[in-house]
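Got the model open? Let's take a walk around the ligand site and the pockets.

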Amino acid sequence: MSFKEKIDLTRLPAHVAVIMDGNGRWAKERGYDRIFGHQNGVVSVREVTEGAAEIGIKYLTLYAFSTENWGRPQQEVDALMELLVDTIEKETPTLNNNNIRLLAIGDIQRLPDKSAEKLKNCIETTSGNSGLSLVLALSYSARWEISNAIKNIAADVQSGKVATNEINDALISSYLTTNGIPDPDLLIRTSGEQRISNFLLWQIAYSELYFTQIHWPDFRKEAFFEAICDYQQRERRFGK
Ligand code: IPE
Ligand code: IPE
Ligand code: MG
């Protein structure tokens with residue numbers, strides 16, 4: 001029986017978030033440049049997105065580029081940005097055919113103009129789709145997001161739009177870039193590292209964590225379905 005057949009479609013996670021890690025190591029093990037790993041990682045992005053849409057998951061968030069990743073060698077940053085633009089452009093018709101809506105979270109203004117523009121186009125073109133929402137975290141970090149939220153809350157308190165005693169979990173959530181998106185039920189990290197690397201810190205308060213040794217370019221549909229099966233074995237308690 002395949003992992004896909006084992007999935008209970010009545011108990012799917014509404015939101016799966018993925019830290020796509022290990023492209024560089026995958027390439028190095030094969031004697032290639034890190035960029036080759038990123039290129040092959042795109043195939044996994046396509047497969048996992050397709051897999052999520054196939055079984056009816058509503059939200060898939062992919063950590064594609066962190067705030068800290070700006071500190072990588074310029075050549076790698078440029079290659080990643082170019083890959084992003086190319087992929088988004090090439091995949092827009094497929095997203096539409098599969099009723100997938102693209103969203104982005106992160107400091108998009110920091111992206112090169114061309115990348116930001118292509119991203120905006122794809123988001124607009126797919127905005128009417130009602131199937132899977134594919135959320136790309138780009139130039140994203142949770143501390144950046146939380147700092148911004150605090151700045152905006154402070155401004156709204158100062159202007160009288162928000163009263164201090166109205167600040168609670170729900171209000172804070174509504175100031176984050178994920179406003180309107182349910183918190184992840186499942187967080188997957190590939191390639192063996194057991195850390196969060198500044199991803200969705202507020203939102204993963206009660207997420208189930210799943211770590212696998214598989215490098216991202218080797219993480220394909222069945223590996224994704226295996227993670228969903230593992231999630232379905234867990235007992236979630238939410239402190240109760
Ligand atoms: C993940 O793979 C992709 C990005 C962070 C953009 P890495 O590039 O981090 O690969 P490793 O972790 O060095 O193997
Ligand atoms: C996390 O991976 C960021 C993304 C997957 C985009 P990193 O490779 O940047 O994280 P660290 O440096 O291992 O913590
Ligand atoms: Mg890494």
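Here is a short tour of the ligand and its surroundings.

This is a predicted model, where local features need pLDDT of at least 70, side-chain atom pairs count only at pLDDT 80 or more, and totals for chains, interfaces and linings use all residues. Residues are numbered from 1 along each chain as its sequence is written, chains are lettered from A and ligands numbered from 1 in the order written, and side-chain values use heavy atoms, with hydrogens and water left out.

Around ligand 1 (a heavy atom within 4 Å counts as near) you'll find residues including Met20, Asp21, Arg34, His38 and Leu80. By class, this shell holds 3 nonpolar, 5 polar and 4 charged residues. Helix H2 (23-29) gives the most, with 3 residues.

Oxygen atoms of ligand 1 make these polar contacts (N or O pairs within 3.5 Å):

| Partner | Atom type | Distance |
|---|---|---|
| Asn23 | polar backbone | 3.1 Å |
| Gly24 | polar backbone | 2.9 Å |
| Arg72 | polar side chain | 2.7 Å |

Taken alone, ligand 1 exposes 380 Å², and the protein buries 87% of that (Shrake-Rupley, 1.4 Å probe).

Ligand 1 sits in the largest pocket, meaning more than half of its atoms lie within 2 Å of the pocket's grid points. A pocket here is an open set of points on a 1 Å grid over the protein atoms alone, where a 1.4 Å probe fits, with protein on both sides within 12 Å along at least five of seven lines; lining residues have an atom within 4 Å of a point. The largest pocket has a volume of about 1000 Å³, and 42 residues line it. The second largest pocket has a volume of about 160 Å³, with Trp202 and Arg236 among its lining residues.

Methods:
A polar contact is a pair of N or O atoms within 3.5 Å; within protein, one must be able to donate a hydrogen and the other to accept it, and residues adjacent in sequence count only if both atoms are side-chain atoms. Helices (H or I, at least four residues) and strands (E, at least two) are DSSP runs, numbered from the N terminus. Ala, Val, Leu, Ile, Met, Phe, Trp, Tyr, Cys and Pro count as nonpolar, Asp, Glu, Lys and Arg as charged, and the others, Gly among them, as polar. Grid points are joined across faces, edges and corners, and a volume is the space filled by probe spheres set on the points.
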